[in-house]
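Let's walk through this model together, beginning where two chains meet and then following the strands and the charged pairs. Please have the structure open as you read.

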Amino acid sequence: MDLSDTQTRMTTRTYAGRYDNLAEIATFVRQEANLAGLSFKDVFEVETAVDEAVSNIIEHAYVGEGIGDVTVTCLPEPNGIRIILEDHGIPFDPACVPLPDTHAQLKKRKEHGLGYFFLCQLMDEVKFEFEKNVNRLTLFKNKS
Amino acid sequence: MEINSTRFKHCDVVKVTGRVDSSTAPQLAEELAKITGEGRYKIVLDFTQLDFISSAGLRVLISTLKNCKRYNRGDVLLAGLPANILSVFDLAGFTSIFKIHTDVLSAVGSI
């Protein structure tokens with residue numbers, strides 16, 4: 001489903017929460033970030049952050065594939081792009097996520113925890129909201 | 001994602017093309033496990049045609065590196081990383097634990 005408002009260019013699409021939709025979500029987000037005037041580097045960082053966020057929703061909020069939908073809204077703004085992800089799974093508490101030690105020696109490296117770290121490092125704003133069975137993650141990327 | 005593996009006498013070169021995300025990372029893990037399962041622990045990953053890699057793909061790499069370096073039996077070298085992907089490796093702190101080469105030839109020559 002594609003609901004577009006030509007005046008604000010806000011575009012919303014809904015995807016089944018499956019990993020094989022990640023490539024299509026990436027194409028959508030990349031296209032919107034390009035239209036918003038972000039640089040090649042910024043577009044790549046937005047793509048990475050959204051991929052990590054949607055993967056987290058499938059893994060942690062829905063605890064599996066094909067359980068629920070993920071709604072992706074892209075809203076270009078004069079100084080960047082706002083992306084809103086909504087799901088109906090288990091609320092995800094970012095405070096529970098330990099930060100990875102990116103300087104640890106190989107033997108001590110943990111294999112998990114990089115996704116949320118990337119999200120916070122690559123986006124300029126990361127906000128989680130939980131209300132009436134809707135989990136909303138708002139990401140904002142400034143034009144560099 | 002497309003994977004093409006080439007077996008040489010002293011190492012395996014695995015060329016990964018396209019996207020490595022949560023959907024495709026298991027396929028990469030399977031390919032690398034097949035190589036290490038045959039007792040071959042010297043691997044060069046050719047990333048010259050890699051478009052994207054998420055943390056799911058990085059998990060596969062770190063797990064394979066740990067496996068290959070166990071008992072000092074081998075290594076995993078990375079070659080030809082595009083600049084944007086190199087930035088992701090840097091952010092993850094991977095540039096200090098992986099040997100990174102600009103091209104496949106130099107990686108194969110040094111493993």
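In this predicted model, a good place to begin is the interface of chain A and chain B, across which seven residue pairs are in polar contact, both partners being at pLDDT 80 or more. On the side of chain A that touches chain B, the elements giving two or more residues are α1 (22–35), α2 (40–61) and α3 (114–122) of chain A. Of these, α2(A) gives the most, with seven residues. By character, the residues on that side of chain A divide into twelve nonpolar, six polar and seven charged.

How much area do chain A and chain B bury between them? The figure is about 2,100 Å², with 65% of it on carbon and sulfur atoms. Within the area that chain A buries against chain B, A:F44, A:L106 and A:E111 supply 32%, more than any other three residues. The contact as a whole draws 25 residues from chain A and 24 residues from chain B.

One of those three residues is worth a second look. The side chain of A:E111 meets that of B:K66 in a salt bridge, at 3.6 Å from N to O. Between chain A and chain B, the count is three salt bridges.

Now turn to the strands of chain A. Strand β2 (residues 10–16) runs antiparallel to strand β3 (residues 69–77), and six bridges join them; here A:T11 stands opposite A:C74. From β3(A), seven bridges lead on to strand β4 (residues 80–87), again in the antiparallel sense, with A:T71 partnered by A:E86. Two residues lie between β3(A) and β4(A), which form a hairpin.

The path continues from β4(A) to β6(A), an antiparallel pairing over eight bridges, in which A:I84 has A:T138 as its bridge partner. On β6(A) you will also find strand β5 (residues 125–131), joined to it by seven bridges and running antiparallel; A:E125 and A:F140 are bridge partners there. β5(A) and β6(A) form a hairpin with two residues between them, and A:K132 in the turn has a positive phi of about 40 degrees.

Is strand β6 (residues 134–142) of chain A mostly buried or exposed? Eight of its nine residues are buried, so the strand is largely enclosed by the rest of the structure.

Finally, consider the charged pairs. Over all chains, the count comes to 18 salt bridges. In chain A, A:K41 pairs with A:E45, their closest N and O atoms being 3.0 Å apart. Both lie in helix α2 of chain A, four residues apart, or about one turn of the helix. A:E45 has a relative accessible area of 12%, so it counts as buried.

Chain B offers a pair of another kind: B:E38 and B:R7 form a salt bridge with closest N and O atoms 2.0 Å apart. B:E38 lies in the loop between α1 (25–37) and β3 (42–46) of chain B, and B:R7 in strand β1 (residues 2–7), so the pair ties together parts that are 31 residues apart in sequence. B:E38 is partly exposed at 47% relative accessibility, and B:R7 is partly exposed at 48%.

Back within a helix, B:K34 and B:E31 form a salt bridge at 3.7 Å between the closest N and O atoms. They are three residues apart in helix α1 of chain B, and so are separated by about one helical turn. Salt bridges that share partners also join A:R30, A:E47, A:D51, B:R19 and B:D21 into one network.

Note on methods: Residues numbered from 1 in each chain as written. Chains lettered and ligands numbered in written order. Predicted model: local features only at pLDDT ≥ 70, side-chain atom pairs only at ≥ 80, totals over all residues. Heavy atoms only, no water. Pairing = 2+ DSSP bridges. Contact = heavy atoms within 4.5 Å. Buried area = accessible area lost by both parts, 1.4 Å probe. Salt bridge = Lys/Arg side-chain N within 4 Å of Asp/Glu carboxyl O. Polar contact = N/O pair within 3.5 Å; in protein donor to acceptor, adjacent residues only side chain to side chain. Nonpolar A, V, L, I, M, F, W, Y, C, P; charged D, E, K, R; others polar. Buried < 20%, exposed > 50% of the residue type's maximum accessible area, 1.4 Å probe, protein only.
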